[in-house]
Structure formats: structure tokens, C-alpha cells
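Trainee: I should like a close look at one pocket in this model, followed by an account of some other parts of the chain. Please explain the terms as you go, since I am new to reading structures.

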Amino acid sequence: MARPSHPAPGRWRRPAPPSAPLRPGGRFGGAAAGVRGAERGRIGAARSGAVRGGGVRAGKGSGGCSMAEPPGAPHRTTGSTLLHPLSGLLGIPLDQINFVACQLFALLAAFWFRIYLGPSHASSAVRHAFATLFGIYFAVFCFGWYSIHLFVLVMMNYGIMNMASIPNIHRYSFVVAMGYLTLCHISRIYIFHYGILTTDFSGPLMIITQKITTLACQLHDGIGRQAEELTAEQNRLAVKSRPSLLEYLSYLLNFMSIIAGPCSNYKDYIAFIEGRHVHMKLLEVNWKQKGYDRLPDPSPTGAVMYKLCITLVSLILFLTLTKSFPMAYIIDNEFLDKTPFLSRLGYLYVVTQAAKPKYYFAWTLADAVNNAAGYGFSGVDERGSFRWDLLSNLNIWNIETATSFKMYIENWNIQTAAWLKRVCYDRAPWYPTALTFILSALWHGIYPGYYFTFLTGILITLAARAIRNNCRRYFLSSVPLKIAYDAVTWVVTQLAVCYTVAPFVMLAVEPTIKFYKSMYFHMHILSILVLLVLPIRPQSHPTRKAQNQAVLNSVKSKDK
């Protein structure tokens, strides 16, 4: 796991197997997999000779795209250097060591928080205070003076929340939060020369931006809109009063989510702190019919242990697969000259699979931290088992077996997809799909590769929707046809995702164009042909209208 160096210009060569960071700094906003961290450092070192004309040129000594740091070079970071000896011993950048250490300490703190500071042992104010103080400490430990950006953004938006008019509170909060995040993305790349310091504070800043805009929209729904104007979900999550400073800081900076997320809804978090979180979900089930005299007391320990097993397996796969299958090899000249097209497609699938375990590790560990604190209970499933997936960021089985682009993106980075839906898709006056993809790209950063990925994603999403709407019904008449349809759509979906997210890894223009040329732009061409040939049904928001009518009928029935 070497920090990026400044490579000399040259042609692309087969890279030495690189290592990528554990921290998922890039999250493909619910639309596909992305890799940022070290890849961004390797490719994004502007003014260092790495980027010329928007492209990337790697020298002979750089090992192609891996651009490994010379042996013995120090791993610099703005965060704590307490664990520097461990970093040197393992050969892992110090900021990544700090990240994992904080998450493991947060896991222990979460158990302590649930046992000794549970709602029955401590007041809500005490729980808010401890969650906030721990979170601030973790941020300073990981990011040092860079953490000031988190606190500045939080306090700016607290002022907006208290001074702005309710009809505009969501607009002002959105513009300020996204604007500040974008400025930080720009400054880290073009002003501070990314690569000088490995510390990447943009991940926590992105999560805080999600929370700020989520709360602002839900506050606007709760105070500034009528119930009949809201969807059922908006009505359920609407916030009826402005939070206090302590509640606001706790929601945004709590130790369970400040480092790796995920974003959660404000009402769910407050219910957790006040001890109503699990009780509310249990009341949705008739326990007397199940033979219980009183409400059960579900423990998260089993869910936490299961998720920790997943993180361990993911870590092992990350340390083995990611190093063995570098993404940069797919645009190596020798590889392109000697490998048939179908073999290149197969290798593209393999390297994309190899990039996933780091996200499985980081997001599952973050989920386990929240569960260990008692947060994340989502109810009871059909078999009567307790579910702790309210804050889960991915469904690995559904990702790997997805038979549609929509199914894939709905199960990857779930909480970011939910955020995009709540603050953009459900509120967009027109072109909700396109605007949602654009917002996701802007939220991730300013690298050209992000926009190649999301623009390609828009095209493939529309084409996939057209195929599904026009063709799927013809394959439902028999089991063999349905199996054949699922098999074909699984292959196409997995390859389409790989094709779409490759620029997200490469980041710059030149390798992206080279990759798509080597793929003959086949997904772009096929998607355009599909959209030209198949009729497209207009997307209005039928679900929203139906939900609005249901809410209105409910209100009227209560009045009667």
C-alpha cells in the first residue's frame, strides 16, 4: 500500500500489482462501484507531470499506473503519528492504519456505549455528548488540522438552519454544503497537489454533506409543507422542529458514522439516542399472536459477529485479489495487442471483482459499529428473525446476482442511493434520472472519470429500462425461458457495470478514452441503438402520486 509518487511521462506499461486503500473514499452514489483513494492519488497528482492535457502518462519506473512510492519513503499524514511504527512494520500508509484503528476502537466504544450508556443508564443529553466527543476525537486523530473543514461546514449549516426561512432552508443548505464540498475537492487536487499528503478528509465531508442536506429537506417537509404534499416516506421522516445544537452536532459528528458513514435519517438517530429506536420497530409486529407476553429484547451481538466475519473475509480477499489483478492492466499496450476482445471483457470483470472487497470491508465494518451501539434495528423478517440492516450499505448477494442495472445500483452503497432519491430524484421537477446521476458525480468530486462514468450510467440505465419494459414480459411464460432470460441479463448487467465504472477508477481523460476505444464503445453504441429502436415509456412519478393520494385519504378518514 504505497503512497503515490510523481511519475515521469512515458507510455503505459503493465503495472506492478498495486495496492489500494481500505477506506472507500469514493462511493459511486448508488450507481456502481468506484475506486478512489490511492488510484486518485496515483492519477490525480496534477502539476507533478502525471497529468498532461487531462490524461495520465506513467513512466517506466512507475510500473505503469501503479506509480509506487520509492522504498523507504515516509508515509506523511496530517493525522496522528502515534501508530507510525505499526505503519512502517506493515508497509501500509499511516492514514489507512489510523482509519482501521479508529474503526476498531469505535467498535469497542460502541459496545461500551450500549452497555454502560444505554437509555436506561444515561440521559439523552449524556448520550449525545459522549457520541459527539468521541466522534470529534476520531476526526482529529485521523485527519489532524484537516478536520477543521468538517467543523466549519457543520457550523455554517447550523447557522443556516436557524436563520434561513423554512421555504428556503433546504435550498440554502444544499448549495452551501455541496459548494463547500466541491471547493474542498478542487483545493485538494489543484491547490494542495494531492499526493503531498495522503490524508483524504473528503470521505467524512461527503457523509456530513449527505446528513446536512437530508436533515434540511426533512425539516422543510415537516414545517414548510402540508401532509398531502408529501409521499408516505417523506411524511414518515419529516422533522417537525429545529434540533438543538447538541442534537445537531451529535447527528452529524457521532463516532459511529463520522469516519465511514453511513448516512442515516435524523428521526431514526434521535429515536436511537432516546431509546425508542428498537421499540418503535417491534410495535409493528403483533407479538401476542407469536406467543410473547411482552415485547422481546433483541440483541445485536449475533448480527455484529456475522458482519465481522464478512469484514475478515473481505480483508483477506482485498489483500490477495486486489494486488494480483490491477485495473491498469486493461489498457496496457501489450495486453491490448495480444488479447482477444472477449478475453479482455473477461479480465475487465475479474479486475472489477477484485476491487470490491475493500468496500465490502469498510462498509460492513461501519455497519457493525452502529449495530454494536444498538443502532440499525429494522424489524422482523418473514421467518420471525430480528433484522439489523437499517443502515446496511450493501447487499452482497443481490449485487453479485443482479440481473438488471437497476437491481445492481439499488444494492450498492444503499444509503447513498437513498440520499440521492430523497434529496434529488423525488424533488426534481424534470429529468430526475439525469439530475440524480449528475448530482452523484458532483458529490464524488471533479475528476473527469467520474463524469464519464455517470454519463455512461445514464445512457445504460435508460437502455436497460427500455429493454426490460418492452421485452421482459415475453420471457415469463415458462420456467426455462425465465431462466434463460435471467442468465443472459446477469451476464449483460455485470459486464455493463464493469464497462461503466472503469473510468471511475482511471479518473483521467486519456486512459478512459483509450479503454473505451479498446472496447469499441460497444455499450454506448448498443445503448443508443436500443433507445432508437425500442419505444420509451415516459417516467412521470406514478408511485409518488399514489402515495400522495393514500396520505390524503388517511388524513380525511381521521378527520371524519
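Mentor: A pocket is an open set of grid points with protein on both sides within 12 Å along at least five of seven lines, and its lining residues are those with an atom within 4 Å of a point. Please keep in mind throughout that this is a predicted model.

The part I have chosen is the second largest pocket, which holds about 700 Å³ of space. Its lining is made up of 25 residues, and those nearest the centre are Tyr-306, Lys-307, Ile-310, Asp-389 and Ser-392. Four elements, namely α12 (301-324), α15 (357-372), β4 (386-387) and α16, each supply at least two residues of this lining. The most is given by α12, with eight residues. Sorted by class, the lining comprises 13 nonpolar residues, together with six polar and six charged ones.

From the pocket we may follow the chain past one of its contributors, α16. Ser-404 is placed in the loop that runs from α16 (396-400) to α17 (405-411). Ser-404 counts as buried because its relative accessibility is 14%, and the limit for that class is under 20%. The side chain of Ser-404 comes to 3.0 Å from the backbone nitrogen of Met-407. If neighbours within four places in sequence are set aside, Ser-404 is in contact with Arg-468 and Thr-493.

At the other end of α17 comes another loop, leading to α18 (414-425), and Asn-413 is found there. Asn-413 has a positive phi of about 50°, although it is not a glycine. Most residues other than glycine have a negative phi. Asn-413 counts as buried because its relative accessibility is 0%. A second case of this kind is Tyr-431, where phi is positive at about 45° and the residue is again not a glycine. Tyr-431 is located in the loop between α18 and α19 (432-444). Unlike Asn-413, which is buried, Tyr-431 counts as exposed, because its relative accessibility is 63%.

A backbone feature of another sort appears earlier in the chain. The peptide bond that leads from Gly-261 to Pro-262 is cis, and its omega is near 5°. Most peptide bonds are trans. Pro-262 belongs to the loop between α9 (245-253) and α10 (266-273).

Further along, Val-278 is part of helix α11, which covers residues 277-282. Here the fold joins stretches that are separated in sequence: Val-278 and Gly-376 are 98 residues apart along the chain, yet their C-alpha atoms are separated by 8.5 Å. Without counting residues up to four places away in sequence, Val-278 touches Pro-298, Gly-374, Phe-377 and Trp-388.

Let us turn lastly to charged side chains. Side chains of opposite charge can pair when their charged atoms come close. The structure holds 14 salt bridges, and I shall describe some of them. In helix α21 (residues 479-506), Lys-482 and Asp-486 stand four residues apart, about one turn of the helix. They form a salt bridge whose closest N and O atoms are 2.7 Å apart. Lys-482 counts as partly exposed because its relative accessibility is 26%, and Asp-486 is in that class because its value is 23%.

Helix α13 (residues 333-338) holds both Glu-334 and Lys-338, again four residues apart, or about one turn. The closest N and O atoms of their salt bridge are 3.5 Å apart. Glu-334 counts as partly exposed at 47% relative accessibility, whereas Lys-338 counts as exposed at 66%.

A further salt bridge joins Arg-225 to Glu-229, with the closest N and O atoms 4.0 Å apart. Both partners are partly exposed: Arg-225 has a relative accessible area of 23%, and Glu-229 one of 40%. This pair does not stand alone, since Asp-221, Arg-225, Glu-229 and Arg-427 are linked in a network of salt bridges.

Conventions: Residues numbered from 1 in each chain as written. Predicted model: local features only at pLDDT ≥ 70, side-chain atom pairs only at ≥ 80, totals over all residues. Heavy atoms only, no water. Buried < 20%, exposed > 50% of the residue type's maximum accessible area, 1.4 Å probe, protein only. Polar contact = N/O pair within 3.5 Å; in protein donor to acceptor, adjacent residues only side chain to side chain. Contact = heavy atoms within 4.5 Å. 1 Å grid on protein atoms, 1.4 Å probe; cavity = no way out; pocket = protein on both sides within 12 Å on 5 of 7 lines; lining within 4 Å. Points joined across faces, edges and corners; volume = space filled by probe spheres on them. Nonpolar A, V, L, I, M, F, W, Y, C, P; charged D, E, K, R; others polar.
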